[in-house]
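Visitor: Please give me a close look at a single part of this model, a strand and what surrounds it.

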Amino acid sequence: MSNYFNTLPLREKLNQLGVCDFMDSSEFLDGVNALKGKKLVIVGCGAQGLNQGLNLRDSGLNIAYALRKEAIEGKRDSWKNATENNFTVGTYEELIPEADLVINLTPDKQHTAVVNSVMPFMKQGSTLLYSHGFNIVEEGLPVRKDITVIMVAPKSPGSEVRAEYVRGFGVPTLIAVHPENDPEGKGLVQAKAYCVGTGGHRAGVLKSSFVAEVKSDLMGEQTILCGLLQTGSILSFDKMVEKGIDAGYASKLVQYGVEVITEALKHGGITAMMDRLSNVAKIKAFEVSEELKTIMRPLFQKHQDDIMSGEFSRIMMEDWAAGDKNLLAWRAATGETAFEKTPAGNVQIGEQEYFDHALLMVAFIRAGVELAFETMVEAGIKPESAYYESLHETPLIANTIARKKLFEMNRVISDTAEYGCYLFDHACKPLLADFMTKVDTDLIGKNFNEGKDGSVDNRTLISVNEVIRSHEVETIGAELRKAMTAMKSIKTV
Amino acid sequence: MSEPVVHITSLTLKYQHTPVLQDLNWVINRNENWLLRGSSGTGKTSLAKAIAGLVKFQGSIDIHFGPESKLPAVAHFVAGWYQFKDLEGQSNFYYQQRYNKQATETTATVQAELENYGEKHQLQFNEVEELLAALGFSDLIGSTLIQLSSGEHKKLQLVKALWFKPQLLILDQPYNGLDKLSRKNLNSLLEEITEDGTQLIIISNEVELPSTIHRFAEIREGQLIETSADEYTAEVYETAGKAVPAFLNEAPVSSSESIIRMIDVNISYGEKQVLKNINWEVKAGEKWLLQGHNGSGKSTLLSLITGDHPQAYANNFYLFGHKRGSGESIWEIKQRMGLISPELHWYFDPTATVRQSVISGFFDSSGLFCDPGYTKKAQADELISYFGLTEYRDMLMNQLPVGKQRLVLLARTIIKNPELLILDEPCQGLDQQQTQHFNRLVDELCKNGTTLIYVGHFESQLPDCIEKRILLENGEVKTVETILESI
């Protein structure tokens, strides 16, 4: 096995990175027909596995769960999830030989082992479905040539996939067909039908490739989604405490602030988030975020470069081989940070206060989203893919922080994302050390508008607005959000 | 004579930017218990919340608690809508999540919830046991919050309030979703606490009340008007005299002679069996009444029919002539029926406009996610006008009082003129007049051959067309009968 992407000639690298097609709803008129009457077997029954299975069954498809013998005999959670919802459960040996479509919804780390153990049982001409391309692209696992390999990746946590389906909607979804494994040319039709089965076709579907999905997904999660949210949260909290702001207040402002601030992002992009600030505050947040972008750009580029070259996955897989030594140590260290250990204070913080008192966090988020987006696009990833992997997912991750801080975020995201998040965080904090010495409580902890008369120079304001609004993440975002009508507010506060 | 307990002067209050209370004055003396009634949207809930200090207002509300009373010196408000949170403090629950076995462990048990509540308010746990028994709640102590039906949530809210026993207790629509026996027991319990010194303000249009209620009032044009016990202004119901929109007068196409056929249907959660060996057939055009006390299994039974219960796949039953789990999607099932239930209302998208909500009935979604086209919009507008909701058409659901929201959802339920209507306590939150009008509309629709399943706890408030009855008790069919005379 070797890194699949690195075996490709440049022409083909660019070709696969560039697959990106926002699909018209007319592409889904055939519904689930391509999978109707076929046997679908899901391997793994965690949150994604169970909820996708519930949706697919409610769409009239035939679903069963294949679990490892130990999971069945030990009546583990995955076994309970499946049996208590009246699904057929069996071992690989029992179920895979019958399956027309095998759906691998296990964690990345287990993919090689899982696929190697199910493949011998898979029947001639069947299909293997992934929801993440790491195994194919980074590990380069070769799949038998008669098997079709596709990807369907709902861009939301499992519980949302279910919640949106039962209310008659769905979550935005990414689909792909692996060009090395599409012997009968049926991959796309099946991926579309699967997408209809989970309800994703109602919320906007992006046709991508395994390569584009992996390279953009890794970049997004390491930088803006998890890495920067972690760095920004810790630095903001520590600064407030250093400057004498009540620790309980600081903890609450950060924990829930990321969610409230990014909620605006979800509905109207960076523009809407910045517009929640007064004019003076917006201009300041703009200046601060520009400075942050300059400081952090090399780090974002390094992450993208390491992802493209396969260096990132190489060192992460070394850690897998070492029994997750680094991952576990870093996870423990995150649990020991002052932010993590200070419970949110019992104080009321109004919705607007989360913006006015946390200008620095707004600046972090603008800088992070734009940098991640720009860096991905420069590396050959299409803007639509870059949007999903940066701006679109930020509020979803912020919601996990609001629930139980960074520990919860790192528990919910994949181990792959978590590993990349720590790498970023450890490099980013020293990079920002000088910058942070200049930060005072007007930027974080207190109302920036206090003591200011609110007047601004017209031309400055106009040019700031212009820069924010004409950024490509905003134009592409406006387009894509049209397809995601009626997004539900996810709110913890 | 001691000073009044509650003294309200010149109270002015806005609900979503619209003034509802204007210079309202009200004096509640010691030992008085009041009923506040009248149409939805007159400001009853806003007034109650103002007294409990939950909303901002202009004017003054002075509350003088009894200095000698041993009861907590609190004006405690029990909302018409229940709320609950999961163990992580979130309340992002979704429709029918309670039937998904995996989701049930994310909320606390009733026992834990009550222990928590008792600790917070320093209450004795043995006192609550009596209340639980009186409201038929004792068996649910081990259930988790998400598993409770809407009637059971209502009871839990009431149990807490009765246990807390504040000096002033304000109950907004306490009878919603309660079965007959529970309503009676609730009244006895309320009589007891008034004897112990709690004063009551009840917001309800119910006629059977605690005997200790002896003062009555309505809000008219922002002012509080005291009335006598039987003097009562009914809401001018806008459908009176209006013709039912023509598109609802067509006979729905029945897909099969047998609409529902259940053969030994069983549902259990772990050890607990919720439905036992249910055998039931509903033929096309039949009008059924489904009855049973709270927790008897009615909602679970209906959730099987509406395609909302995962355990449907493990049972032997037929919907619209097809065996359930033979390749149909739940959307094909839902397409043939119009549904309203307390849960559908509770989980409905609060940010949809009235018009979107009504149109969403064509698509069985909570909120609208596509362009419905001209005809559907026109039909929705016609129905909105029929229900007298035209002036609210572009408002969001969460800007309307609960009673108005309910009318919107009733319009949503019937808009596609479905072959099967499932009306699970459709008139909750409406007054008697509105209920009668809606039931007459149901009678009208059913003349066209619509099949009906109706759940109602108030036997005096049912449509005339009902001809058959199925009674559930502890998850089993107790009675199936044909009704010869109207109930």
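Guide: Happy to; we will begin with one strand, move out through its sheet and core, and end across the contact with the other chain.

A word on reading the model comes before that. The model is predicted, so local features are given only at pLDDT of at least 70 and side-chain atom pairs count only at pLDDT 80 or more, while totals for chains, interfaces and linings use all residues. Residues are numbered from 1 along each chain as its sequence is written, chains are lettered from A, and ligands are numbered from 1, both in the order in which they are written.

Our strand is β7 of chain A, residues 148–154. The name comes from DSSP: strands are E runs of at least two residues, helices are H or I runs of at least four, and both are numbered from the N terminus. Seven of the seven residues of β7(A) are buried, so the strand is largely enclosed by the rest of the structure. Buried here means that 20 or more other C-beta atoms lie within 10 Å of the residue's own; a residue with 12 or fewer is exposed, one in between is partly exposed, and the C-beta atoms are placed from the backbone.

In a regular strand, side chains alternate between the two faces of the sheet. In β7(A), one side carries T148(A), I150(A), V152(A) and P154(A), and the other carries V149(A), M151(A) and A153(A). Both of these faces are covered.

Now for the partners of β7(A), where two strands pair if DSSP finds at least two bridges between them. β7(A) pairs in the parallel sense with strand β6 of chain A, residues 127–130, over four bridges. Within that pairing, M151(A) of β7(A) has Y130(A) opposite it. Strand β8 of chain A, residues 173–177, is joined to β7(A) by five bridges and runs antiparallel to it. There, A153(A) has L174(A) of β8(A) as its bridge partner.

Stepping back, an open sheet of nine strands in chain A has the order β1-β9-β8-β7-β6-β5-β2-β3-β4, with mixed pairing. At its edges are β1 (21–22) and β4 (88–90) of chain A, each of which pairs on one side only. Further along this order from our strand, β2 (residues 39–43) and β3 (residues 62–66) of chain A are parallel and share five bridges. One of these matches K39(A) with N62(A) in β3(A).

Next come the nonpolar cores. Such a core is a set of buried Ala, Val, Leu, Ile, Met, Phe, Trp, Tyr and Cys residues joined through C-beta atoms within 7 Å. The largest has 142 residues, and the members that touch the most others are V41(A), V102(A), I261(A), L359(A) and V362(A). Helix α10 of chain A (residues 210–242) contributes the most to this core, with 15 residues. At least three residues come from each of domain 1 (20–208) and domain 2 (212–483) of chain A, the domain bounds being taken from an automatic or database domain assignment.

V102(A) gives a good local view. Neighbours within four places in sequence aside, V102(A) is in contact with V41(A), V43(A), I96(A), V118(A), M122(A), S126(A), L128(A) and L129(A). Apart from this core lies another, of 73 residues, which includes A163(A), L368(B), I384(B) and I414(B).

That brings us to the two chains together. Their contact takes 24 residues from chain A and 26 residues from chain B; two residues are in contact if their C-beta atoms, placed from the backbone, lie within 7 Å. The chain B side comprises nine nonpolar, 12 polar and five charged residues. In this classification, Ala, Val, Leu, Ile, Met, Phe, Trp, Tyr, Cys and Pro are nonpolar, Asp, Glu, Lys and Arg are charged, and the others, Gly among them, are polar.

To finish, here is a strand in chain B to set beside ours. Strand β12 of chain B, residues 287–291, has five of its five residues buried, so this strand too is largely enclosed by the rest of the structure. K287(B), L289(B) and Q291(B) point one way, and W288(B) and L290(B) the other. β12(B) pairs in parallel with strand β17 of chain B (residues 451–455) over four bridges, where W288(B) is matched with I453(B). Strand β18 of chain B (residues 468–473) is also parallel to β12(B), again through four bridges, and R469(B) in β18(B) is the bridge partner of L289(B).
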